[in-house]
Amino acid sequence: MSQRLALLGATGSIGASAVEVVRHHPGRLAIAALAAHGRRVEELAALAREFGVARVAVFDEAALPALRALLPPGVEALGGTEGLVALATDPGVDRVVAAMVGAAGLEPVHAALAAGKDVALANKESLVVAGGLLTALAERTGAAILPIDSEHVALHQALRAGAPEEVRRLVLTASGGPFLHRDPASWEAIRPEEALRHPTWKMGSKITVDSATLMNKGLELIEASHLFGLPPERIDVVVHPQSIVHSLVEYRDGSWIAQLACNEMVFPIQYALAHPERWENTFPRLDLAALGQLTFLALDDRRFPSVRMARQALAAGPSAPAVLNAANEVAVAAFLGGELPFPGIFDTVAEVLDRHRPEPVADLAAALAWDTWGRRQAEEVLARLARPR
Ligand code: NAD
Ligand code: MG
């Protein structure tokens with residue numbers, strides 16, 4: 001029987017690639033429930049018709065009437081975080097694909113794991129905000145958190161080559177983003193359109209800006225630490241502009257295991273949906289001879305302080321990554337809105353982290369409260385750093 005998915009964040013970049021994977025494997029995968037923010041209800045309704053889904057949800061309840069008008073009769077439409085949680089815990093759903101952007105993913109992901117459902121996770125922000133909580137919860141209920149992020153899918157595969165005690169360190173690859181070689185003296189002038197031109201991946205706008213600041217790699221370091229149970233000092237980053245080697249594991253005997261594939265998200269998504277199986281497909285294949293060369297260089301922490309800040313936040317204590325993520329989300333939105341210069345993203349995150357005194361995060365309510373606190377502090381910092389539109 002097909003595995004029935006709840007696809008949350010269906011209208012985004014990961015959502016589209018996940019739909020492509022489902023279309024590719026009709027006998028194996030089915031979509032039982034769909035959710036998105038609510039800005040593109042036509043797209044959501046078209047997917048609901050194509051896959052014959054029973055339930056659809058939008059975060060923005062104001063979009064419900066327009067959505068209901070477009071859905072075939074008999075399809076239930078839900079709104080708000082409760083709507084997303086209802087889909088994530090639906091008895092007719094076998095696996096939840098968390099492909100929404102931002103900390104808004106935390107509650108549905110938490111609910112899915114609490115209900116014992118496996119989660120294929122693109123929404124790295126939820127692990128950054130409450131990684132300790134989510135991994136402990138998954139352990140209690142027996143649910144699996146299967147990464148979709150390409151680096152973590154690479155590590156998941158490379159870690160199959162040895163026992164945990166044989167691992168020396170994890171090495172995440174980073175494309176370096178569009179400003180790898182741009183003189184920081186001109187960073188004040190960077191326009192959102194420039195930051196949105198990613199050299200190797202086509203993705204949603206928030207993660208594309210995160211890739212330009214390399215905060216994406218900082219978030220991924222925190223994500224890897226929670227997924228694979230290693231401290232930040234055993235996770236490194238190397239810049240690899242071609243995005244073909246997706247990450248590597250160094251074993252204690254000096255052997256390295258790397259994972260390579262075309263830089264298309266259908267590969268990691270299929271891995272997460274097929275696991276523990278591995279399915280054939282007809283997606284484009286890697287041609288190393290055509291590529292010619294793969295290059296690697298050290299990350300310059302002085303130009304791109306994000307990975308260092310993320311490392312420090314993770315070491316500082318459970319609430320600090322939640323606060324870092326919140327400040328980053330607010331700063332990226334302000335940059336995209338033309339209110340904050342590009343280097344202001346680093347300044348905002350650094351100042352909010354500076355104001356923060358880390359504490360344990362006992363439950364979901366505490367994680368959400370730290371998220372709110374970080375956002376409020378970031379708004380305050382922005383009021384000073386932001387430029388008038
Ligand atoms: P996107 O902006 O293209 O899509 C986001 C999706 O989430 C849309 O369907 C949107 O409607 C939905 N959404 C937004 N706010 C929501 C809310 N409050 N509640 C419910 N749904 C909401 O983003 P994306 O590039 O697809 O990224 C999604 C997630 O996957 C992010 O966490 C990102 O870091 C991660 N990720 C993306 C890629 C990639 O290649 N795009 C790779 C690795 C990880
Ligand atoms: Mg990634």
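1. Let us start with R252, which you will find in the loop between β10 and β11. Keep in mind as you look that this is a predicted model. Is R252 buried or exposed? R252 counts as exposed, because its relative accessibility is 58% and exposed means over 50%. Setting aside neighbours within four places in sequence, R252 is in contact with E165, E166 and R168. One of these partners deserves a second look: R252 and E166 are 86 residues apart along the chain, yet 5.6 Å separates their C-alpha atoms.

2. Now try a residue with the opposite character. H25 also sits in a loop, the one between α1 (13–24) and β2 (29–36). With a relative accessible area of 5%, H25 is buried, because buried means under 20%. Which residues does H25 touch, once neighbours within four places in sequence are left aside? The contacts are Q270, W279, E280 and N281.

3. Helix α7 (residues 150–158) is a good place to practise thinking about cover. How many of its nine residues are buried? The count is nine of nine, so the helix is described as mostly covered. Among the buried residues are S150, E151 and H152 at one end, and H156, Q157 and A158 at the other. The elements that cover the buried residues of α7 include the strands β7 (145–147), β8 (167–174), β10 (245–251) and β11 (256–260). The helices α10 (215–228) and α11 (266–274) are also among the elements that cover them.

4. Next come the charged pairs. Side chains of opposite charge can pair when their charged atoms come close. In this model the count comes to 25 salt bridges, and a few of them are worth finding on your screen. Begin with E43 and R40, which form a salt bridge whose closest N and O atoms are 3.0 Å apart. E43 is partly exposed at 34% relative accessible area, and R40 is partly exposed at 42%.

5. A second pair is K206 with E125, where the closest N and O atoms of the salt bridge are 2.9 Å apart. Where do the two partners lie? K206 is in helix α9 (residues 205–213) and E125 is in helix α6 (residues 124–141), 81 residues apart, so the pair links distant parts of the chain. Both K206 and E125 are buried.

6. A third pair joins E351 and R384, with closest N and O atoms 2.7 Å apart. E351 belongs to helix α15 (residues 343–355) and R384 to helix α16 (residues 364–385), so this salt bridge ties together parts that are 33 residues apart in sequence. E351 is partly exposed, with a relative accessible area of 23%, whereas R384 is exposed at 53%. Salt bridges can also share partners: K124, D149, E151, K217 and E220 are joined into one network in this way. You have met E151 already, as one of the buried residues of α7.

7. Finally, look for charge on the surface. Which residues form a negative surface patch? The patch is made by D60, E61, E82 and E107. Of these, E107 lies in helix α5 (residues 106–114). E107 is partly exposed, with a relative accessible area of 30%.

Notes
Residues are numbered from 1 along each chain as its sequence is written. Chains are lettered from A and ligands numbered from 1 in the order in which they are written. This is a predicted model: local features need pLDDT of at least 70, side-chain atom pairs count only at pLDDT 80 or more; totals for chains, interfaces and linings use all residues. Side-chain values use heavy atoms; hydrogens and water are left out. Patches are made of residues with over 30% relative accessible area and no salt bridge: like charges are joined within 9 Å, nonpolar side chains (Val, Leu, Ile, Met, Phe, Trp, Tyr) within 5 Å. Accessible areas come from the Shrake-Rupley method with a 1.4 Å probe; for residues, only the protein chains shown count as cover. A salt bridge is a side-chain nitrogen of Lys or Arg within 4 Å of a carboxyl oxygen of Asp or Glu. Lys and Arg count as positive and Asp and Glu as negative; His and the chain ends are not counted. The place of a charge is taken as NZ of Lys, CZ of Arg, CG of Asp or CD of Glu. Helices (H or I, at least four residues) and strands (E, at least two) are DSSP runs, numbered from the N terminus. Buried means under 20% relative accessible area, exposed over 50%, partly exposed in between (1.4 Å probe, protein chains only). Contact means heavy atoms within 4.5 Å.
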